[in-house]
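User: Hello! I am new to this structure and would like a close look at a single part of it. Could you walk me through it step by step?

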Amino acid sequence: MIDKMYREQLQKISFEDIKGWAHDNHLDAFNTLKRGNPLSLSDLKIFNRSSARKYFEENYQPYKILNKFNEETLYTGYFEPILHASTTKTEVYNKPLYGFPKKNVKKFLDLTRKEIEEDLLWDLPILAWISNTIDLYFMHIQGSGTLKFENGTERRFVFDGKNNYEYTSVGKYLTDNKFINKNQISMQSIKKWMHSHPENIAIKYINKSFIFFKEDVINESNRSSPLGQLGVRLTALRSLAVDMSIYSINTPIWINTIIPIKGLGKFERFERLMLAQDKGSAIKGLFRGDIFFANDEKAGYMKSRGDIIIFNKL
C-alpha cells in the first residue's frame, strides 16, 4: 500500500527503532491479524509472543510516516454501546431501528436522516424499538450496538449499509458555532448539550447520513467482537478504522498516541501494533484513525494526536 504515498513521506526504519516494540503483546497482535485474514495464516504454528514477534519482523518492513504536507493528525475512539430495547412498539419504546430496505431501495437511499426519521416508515424492516433518540443517534455514529430486551435477552446489530449522503460532524458544528468549547468537545459533552433542551436534539439532522443495521448473532466466541464494516470481527484496542482509499485491509500500523483512562481529563501513553480492519464515514486522511474500545464509553473522550509506522508486507 506504500505505493499510494509520496516517497518523501516514507522513512525506512528497523524494528529496533520502534519505541516500545519489544514490550508489545505480539501474539495478541498476530491473533488480531489472523482474525482478519484467517485463510492465509491458518497453517502457521504461532502460539507465543516470541514466535509472533519473529513473524512480523521476518515478513514486514516498517516505514515511519512523515507528515510532510501538514495534514490533520487525529486519533479518536469508537465503541459498541449497550441500549435498552423492545421487540414491539410501546409508549416508551417508539424509535425504530431500521434494517436495510428490501424494496424501493433507491427511494430510501435518496432520503436524508430527517426524511427517514420524521415519519414511521413501515416499508422498511424494523429490527427493534428504542426508547432514547439520542442514544439511538450515537449507535448510528458508532456503527453497531448491543440491545438488551425486556425479556432479558441480548442481541447485537451492526452496520448493513447507508443512504447516499456523506457524514457531517455534529461536534464540529457545535464548536465552530461556539456552543461547546473545542477543548471540551466529546461524545459525552455533545450528549449533555442535546439533553439540555428538547429542541437541541434536532441538531442531529445536520448529519444527513443514515445507516441501516442487520443482526449479528452473539455467541461465546464473538461476544466482545462485533463485525466491522469490512466484515472483520473487531478486537478491542487492536482494530483500527482508517481511510480505506489509502490503506489496505489488515495493514499493521504501529501507533504512538495517548488514550483516555478512567477519570475525565486523564490519559495514558498508547504504543502498540494495530490492524487496519474497519472504516468509517468520518475517517478521512493518512493520519486519521479510530480505535475500537469494545463496550467502553471512554472512547468518546479520545481526540489525540499521534505518530504512525506502517508495516509493508515483504
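Why is helix α6 (residues 133–142) described as largely enclosed by the rest of the structure?

Analyst: Happy to help! Please keep in mind as we go that this is a predicted model.

Let's start with your question. Helix α6 has 10 residues, and 8 of them are buried, so this helix is largely enclosed by the rest of the structure. To count as buried, a residue must have under 20% relative accessible area. If you want to find these residues in the view, look for T133, I134, L136, Y137, F138, M139, H140 and Q142.

Now let's go to the two ends of α6. At the N-terminal end, N132 acts as a cap. A side-chain oxygen of N132 lies 2.9 Å from the backbone nitrogen of I134, and I134 is itself one of the buried residues of α6. Past the other end, the helix is followed by G143. The phi of G143 is positive, near 95 degrees.

T133 deserves a stop of its own. This residue is in helix α6, and its relative accessibility is 18%, so T133 counts as buried. What does T133 touch, once its neighbours within four places in sequence are left aside? The contacts are K95, I201 and K204.

Next, let's see how α6 sits against another helix. Its partner here is α8, which covers residues 187–196. The two helices pack at an angle of about 150 degrees, and their axes are 11 Å apart. Angles over 145 degrees count as roughly antiparallel, and α6 and α8 are therefore roughly antiparallel to each other. Their crossing is right-handed. On the α6 side, the contact is made by I134, D135, F138 and Q142, while α8 brings M187, I190, K191, M194 and H195. Three of the names on the α6 side may sound familiar: I134, F138 and Q142 are also among the buried residues of α6.

While we are at α8, have a look at Q188, which lies in this helix. With 17% relative accessibility, Q188 counts as buried. Its contacts, leaving aside neighbours within four places in sequence, are E297, G300 and Y301.

For a second helix to set beside α6, try α3, which spans residues 49–59. Its buried residues are A52, Y55 and F56. These three cover an arc of only 90 degrees around the axis, which puts them on the same side of α3. The face turned away from that buried side carries S50 and E58, both exposed. The buried residues of α3 pack against several elements: the helices α1 (26–36) and α2 (38–41), together with β2 (60–65), β11 (252–260), β12 (267–278) and β15 (307–313). There is a cap at the N-terminal end of α3 as well, where a side-chain oxygen of N48 lies 3.2 Å from the backbone nitrogen of S50.

α3 also has a crossing partner for you to look at. The axes of α1 and α3 come within 7 Å and cross at roughly 60 degrees. That makes α1 oblique to α3, and the crossing is left-handed. Where the two helices meet, α1 offers H26, L27, A29, F30 and L33, and α3 offers R49, A52, R53, Y55 and F56. Here A52, Y55 and F56 appear again, the buried residues of α3.

Let's finish with a few loop residues. I246 is in the loop between β10 (239–241) and β11, and I246 is buried, with a relative accessible area of 18%. Leaving out residues up to four places away in sequence, I246 touches M1, K4, M5, G285 and L286. Of these, L286 is 40 residues from I246 along the chain, yet their C-alpha atoms are separated by 6.7 Å.

N250 lies in the loop between β10 and β11 too. This residue has a positive phi of about 70 degrees although it is not a glycine, and it is buried, with a relative accessible area of 9%. N104 likewise has a positive phi, about 50 degrees, without being a glycine. You will find N104 in the loop between β5 (95–98) and α4 (105–109), and at 44% relative accessibility N104 counts as partly exposed.

Definitions and conventions:
Residues numbered from 1 in each chain as written. Predicted model: local features only at pLDDT ≥ 70, side-chain atom pairs only at ≥ 80, totals over all residues. Heavy atoms only, no water. Buried < 20%, exposed > 50% of the residue type's maximum accessible area, 1.4 Å probe, protein only. Helix = DSSP H or I, 4+ residues; strand = E, 2+ residues; numbered from the N terminus. Arc of directions from axis to C-beta. Contact = heavy atoms within 4.5 Å. Polar contact = N/O pair within 3.5 Å; in protein donor to acceptor, adjacent residues only side chain to side chain. Axes fitted to C-alpha atoms, helices over the stretch in contact; angles between N-to-C directions. Parallel < 35°, antiparallel > 145°, perpendicular 65-115°, else oblique. Left-handed = near helix turned anticlockwise from the far one by under 90°.
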